[in-house]
Each structure stands twice: as structure tokens, then as C-alpha cells.
Amino acid sequence: MRIRRAVLDDMPAVAVLHRHTMRTSLPFLPELHTAAEDLVFFRDHLFPANDVWVAEADDGALMAYAARGDGWLNHLYVHPDHQGQGLGDALLSLAKNDVETLQLWAFQANTRARRFYEARGFVLAELTDGSGNEEKTPDARYVWTRA
């Protein structure tokens with residue numbers, strides 16, 4: 001396994017990983033976009049506006065990815081078959097590496113993610129009713145500050 005900075009050629013595989021992980025790990029969320037719309041979002045928005053890292057297996061298959069931009073951890077997704085193996089920790093460490101403060105949103109119902117972030121120093125800053133997110137699902141804003 002290795003972790004590296006993503007390149008634009010990784011974008012289709014990252015979008016597929018994202019979609020699979022969302023459908024498998026977060027089944028309570030509504031499916032709002034098609035796979036083709038995911039590709040457009042990743043190409044036109046996520047990749048240009050974020051530092052993106054990927055964790056890949058020895059055979060090149062993507063196992064996880066993280067996207068950080070402008071003080072926010074916008075995405076951190078680990079393929080369900082590879083959760084609990086330290087990939088999230090490794091990617092989160094990269095995202096925290098050269099910033100003093102990092103914020104993120106997690107869905108309130110995603111208790112596994114919330115425990116993960118809280119165990120790594122993120123502090124709950126806000127709970128919402130979900131009216132401000134696309135899924136209209138209650139979420140939680142977390143903040144991490146370098147000690």
C-alpha cells in the first residue's frame with residue numbers, strides 16, 4: 001500500500017470509490033446524483049479546489065482518498081473492505097500536516113465517522129437540522145486545532 005498525491009487521471013477511480021463507499025457505508029443518505037454527475041463534480045469542482053491524496057494497493061487499486069481545501073477536510077472516504085486498517089488515520093495526518101485548524105462536516109447518523117474524528121482531536125462545534133446541505137440530512141461540524 002502507498003499514499004500519494006492524486007493526479008487528474010485518478011479522478012474517475014476516485015469518483016467510483018466515493019460512490020461505492022457512500023452507497024455501502026452511508027445507506028441512510030438519499031442518492032441525489034448519477035455516476036456521470038459524480039464525474040463532472042469531481043472533475044470540475046473537487047479536484048481543482050482541493051489537495052487530494054489517494055491510498056492504493058500494490059496492484060494500483062484505490063483503497064481510500066482524502067480531499068482538503070481552504071481549511072476544510074471536504075472528503076475522507078475509505079473503501080468498506082479496507083476500513084479499520086489505518087488508511088483513514090494516514091490520510092487524516094496528511095490533511096492536518098501543514099494547517100493550524102481544520103474543519104469538517106459529518107452526518108449526525110454517521111456515528112463511526114464521528115467517533116473516528118473525536119478520537120483524533122476534533123471537537124464538535126455545531127449540530128444542524130440538515131437544511132443547509134444537499135441531502136437535507138442532519139449534520140455536525142467539527143473543528144481541529146493544532147495544540
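**Exercise 1. Find where D70 sits in this predicted model, then say what stands out about its backbone.**

Solution. Start with the location: D70 falls in the loop between β3 and β4. Next, check the backbone. D70 isn't a glycine, yet its phi is positive, at about 50°. Most residues other than glycine have a negative phi. Finally, look at the surface: D70 has a relative accessible area of 78%, and the cut-off for exposed is over 50%, so D70 counts as exposed.

**Exercise 2. Do likewise for K136: which loop holds it, and is it buried or exposed?**

Solution. Go to the loop between β6 (123–127) and β7; that's where K136 is. Its phi is near 55°, again a positive value in a residue other than glycine. With a relative accessible area of 54%, K136 is exposed.

**Exercise 3. Classify the ring pair of F28 and F107, and work out which parts it ties together.**

Solution. Take the geometry to begin with: the ring centres are 6.2 Å apart and the planes meet at 80°. Planes over 60 degrees apart count as edge-to-face, so that's the label for F28 and F107. Now place the partners. F28 lies in the loop between α1 (11–25) and α2 (35–49), while F107 belongs to strand β5 (residues 101–107), so the pair ties together parts that are 79 residues apart in sequence. As for burial, F28 is partly exposed at 36% relative accessible area, whereas F107 is buried at 12%.

**Exercise 4. Classify the pair F41 and F42, then find the cluster they belong to.**

Solution. These rings are also edge-to-face, 5.7 Å centre to centre with 85° between the planes. Accessibility splits the two: F41 is partly exposed at 37%, but F42 is buried at 1%. Follow the ring pairs outward and you get a cluster of F41, F42, Y65 and Y77. The model's total is seven aromatic pairs.

**Exercise 5. How many residues make up the largest nonpolar core, and which element gives the most to it?**

Solution. The count is 23 residues, and L104 is among those with the most contacts inside this core. Then go through the suppliers: β2 (51–56), β3 (62–69), β4 (72–78), α3 (87–96), β5, α4 (111–119) and β7 (139–145) each put in at least two residues. The top contributor is α3, with four. For a closer look at L104, leave out residues up to four places away in sequence; it then touches W72, L73, Y117, F122, A140, R141 and Y142. Last step: there's a second, separate core of 18 residues, including L26, F47, L62 and A67.

How values were computed:
Residues numbered from 1 in each chain as written. Predicted model: local features only at pLDDT ≥ 70, side-chain atom pairs only at ≥ 80, totals over all residues. Heavy atoms only, no water. Phe/Tyr/Trp six-rings, centres within 6.5 Å; stacked < 30°, edge-to-face > 60°. Buried < 20%, exposed > 50% of the residue type's maximum accessible area, 1.4 Å probe, protein only. Core = buried A, V, L, I, M, F, W, Y, C linked by side-chain atoms within 4.5 Å. Contact = heavy atoms within 4.5 Å.
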